[in-house]
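Dear colleague,

Please find below the structure that I am handing over to you. I would be grateful if you would look through it alongside the notes that follow.

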Amino acid sequence: MSRTDQPAAVLVADGALPRVGGADRAVVDVAVGVLIRADGDFLLTSRPADKVYAGYWEFPGGKFESGESVQQALQRELYEELGIHIDQIEPWRQELVDYPHALVRLHFCKVWAWFGELQMREAQSFAWQRLPVTVSPVLPGTVPVLQWLAEEQEKVGSIAG
């Protein structure tokens, strides 16, 4: 598995804005699912109207609850948000993002299989995408994932070519 250790750098989102809580903010851990269909399309969802960065597109997921592992948090969040069940995940990479409202450690996991029909339980929108994505705006913490997916596609293309 690649890059499952601490991220090397912090991605600063909206750097001109003040940071709520100042420099001593606690890190909020978030499990994020990169759902990938057999055809290679991946799922993006919009942030609900009542949340920070409402309307921005992101990979689905949410905050860990006390004592949860990455897999447990992701299973719970994807059921709560999307109404789907996942069995296994592939921990992939982490990214530390300094948003004005919170310092967030995103635990990105690839999800290859799930069951249940997608239900947008938080009144969000969804779109199956491929690169380059056609939805916008994209949440800053999502941008590195799109770059990682592009790098993987380039590697596969160079091997196949």
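The notes below cover a helix, two cis peptide bonds and two residues with unusual backbone angles.

Please keep in mind that this is a predicted model.

Helix 1 covers residues 70-82, 13 residues in total. From its first C-alpha to its last it reaches 17 Å, close to the 18 Å expected at 1.5 Å a residue. Its buried residues are A73, L74, R76, E77, L78, E81 and L82. The buried residues of helix 1 pack against several strands: strand 2 (27-35), strand 3 (42-46), strand 5 (61-63), strand 6 (85-86) and strand 8 (103-111). After helix 1 comes G83, with a positive phi near 75°.

Two cis peptide bonds deserve your attention. One joins L131 and P132, with omega about -5°; the other joins S136 and P137, with omega about 0°. P132 lies in the loop between strand 10 (126-129) and helix 2 (143-160), and P137 is likewise placed in the loop between strand 10 and helix 2.

Finally, positive phi values occur at two residues that are not glycine. D14 has a phi of about 50° and is found in the loop between strand 1 (10-12) and strand 2. Y53 has a phi of about 60° and is found in the loop between strand 3 and strand 4 (57-58). Are these residues buried or exposed? D14 is partly exposed, with a relative accessible area of 38%, whereas Y53 is buried, at 13%.

Yours sincerely

Methods:
Residues numbered from 1 in each chain as written. Predicted model: local features only at pLDDT ≥ 70, side-chain atom pairs only at ≥ 80, totals over all residues. Heavy atoms only, no water. Helix = DSSP H or I, 4+ residues; strand = E, 2+ residues; numbered from the N terminus. Expected span 1.5 Å × (residues − 1). Buried < 20%, exposed > 50% of the residue type's maximum accessible area, 1.4 Å probe, protein only. Contact = heavy atoms within 4.5 Å.
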